[in-house]
Amino acid sequence: MRKRILIHADSMRRDGAVMGILGELVRRCGHNVVVSGQLATRFYLKHWRPHLLFHTATNKLKDYVAAGIMSRESRPFIHLIPQEGN
């Protein structure tokens, strides 16, 4: 089954290339993948409803729930990718 996978890069300058490579590897496994920055992640969480979310900033997840973008019903499986300072 093809999964919708959203990969968030908190800083496209610092993490963009690495997340892009990860996205391409996952895409080659047959899944639908989007690599997004801070503004686009909110859109994709609300309208695209991914099955899996790779995220680099743990503090942002609470903001998504508070803003109504993620709920218990629509919450994707979340995998945190640590970045410098976390």
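**Exercise 1. Placing Asp15**

In which loop is Asp15 found? State also whether Asp15 is buried or exposed, and how far its C-alpha atom is from that of Leu45.

*Solution.* The structure is a predicted model.
- Step 1. Asp15 sits in the loop that runs between strand S1 (4-8) and H1.
- Step 2. The relative accessible area of Asp15 is 12%. Buried means under 20%, so Asp15 is buried.
- Step 3. In sequence, 30 residues separate Asp15 and Leu45. In space, their C-alpha atoms are 19 Å apart.

**Exercise 2. The fold as a whole**

Give the secondary structure content of the protein, the order of its elements, and a comparison with the globule rule.

*Solution.*
- Step 1. The protein has three helices and four strands.
- Step 2. Along the sequence these follow the pattern β-α-β-α-β-α-β.
- Step 3. The radius of gyration is 12 Å, close to the 12 Å from the globule rule for 86 residues, so the protein is as compact as a globular protein of that length.
- Step 4. The C-alpha trace spans about 35 × 30 × 20 Å along the principal axes.
- Step 5. Of the contacts with a separation of 6 or more, 68% are between residues 24 or more positions apart.

**Exercise 3. Surface and charge**

What share of the residues is buried, how much area does the protein expose, and how many positive and negative side chains does it have?

*Solution.*
- Step 1. Buried residues account for 38% of the 86 residues.
- Step 2. The exposed area is about 5,600 Å², with 54% of it supplied by carbon and sulfur atoms.
- Step 3. There are 14 positive and 6 negative side chains. The centres of the two sets are 7 Å apart.

**Exercise 4. Salt bridges in helix H1**

Find the partners of Glu24, give the N to O distance for Arg27 and for Arg28, and relate the pairs to the helix.

*Solution.* Side chains of opposite charge can pair when their charged atoms come close.
- Step 1. The cut-off to apply is a side-chain nitrogen of Lys or Arg within 4 Å of a carboxyl oxygen of Asp or Glu. The count by this rule is two salt bridges.
- Step 2. One of them joins Arg27 to Glu24, with the closest N and O atoms 3.0 Å apart. Both residues belong to helix H1 (residues 16-28) and are three residues apart, about one turn of the helix.
- Step 3. Another joins the side chains of Arg28 and Glu24, at 3.2 Å from N to O. Arg28 and Glu24 are four residues apart in helix H1, so about one helical turn separates them.
- Step 4. Glu24, Arg27 and Arg28 are thus linked in a network of salt bridges.
- Step 5. Exposure can be read for each member. Glu24 is partly exposed at 32% relative accessible area, Arg27 is partly exposed at 38%, and Arg28 is exposed at 66%.

**Exercise 5. The surroundings of Ser36**

Which residues outside its neighbours within four places in sequence are in contact with Ser36? Add its element and its accessibility.

*Solution.*
- Step 1. Ser36 belongs to strand S2 (residues 32-36).
- Step 2. At 2% relative accessibility Ser36 counts as buried, because the value is under 20%.
- Step 3. Beyond those neighbours, Ser36 is in contact with Leu6, Ile7, His8, Ala9, Met12, Thr41 and Tyr44.
- Step 4. Pro76 is 40 residues away from Ser36 along the chain, and their C-alpha atoms are separated by 16 Å.

**Exercise 6. An unusual backbone angle**

What is the sign of phi at Arg49, and where is Arg49 placed?

*Solution.*
- Step 1. Most residues other than glycine have a negative phi.
- Step 2. Arg49 is a residue other than glycine, yet its phi is positive, near 50 degrees.
- Step 3. Arg49 is in the loop between helix H2 (38-48) and strand S3 (52-55).
- Step 4. Its relative accessibility is 40%, so Arg49 counts as partly exposed.

**Exercise 7. Two positions around strand S4**

Locate Ser71 and Pro82, then classify the exposure of each.

*Solution.*
- Step 1. Ser71 is in the loop between helix H3 (58-66) and S4. Its relative accessible area of 29% makes Ser71 partly exposed.
- Step 2. Ser71 and Lys46 are 25 residues apart in sequence, with 9.6 Å between their C-alpha atoms.
- Step 3. Pro82 is in the segment after strand S4 (77-80). At 64% relative accessibility, Pro82 counts as exposed.
- Step 4. Pro82 and Met70 are twelve residues apart along the chain, and their C-alpha atoms are 21 Å apart.

Notes: Residues numbered from 1 in each chain as written. Predicted model: local features only at pLDDT ≥ 70, side-chain atom pairs only at ≥ 80, totals over all residues. Heavy atoms only, no water. Buried < 20%, exposed > 50% of the residue type's maximum accessible area, 1.4 Å probe, protein only. Rg over C-alpha atoms; globule rule 2.2 N^0.38 Å. Contact = heavy atoms within 4.5 Å. Areas by Shrake-Rupley, 256 points an atom, 1.4 Å probe, with all protein chains shown as cover. Lys, Arg positive; Asp, Glu negative; His and termini not counted. Charge placed at Lys NZ, Arg CZ, Asp CG, Glu CD.
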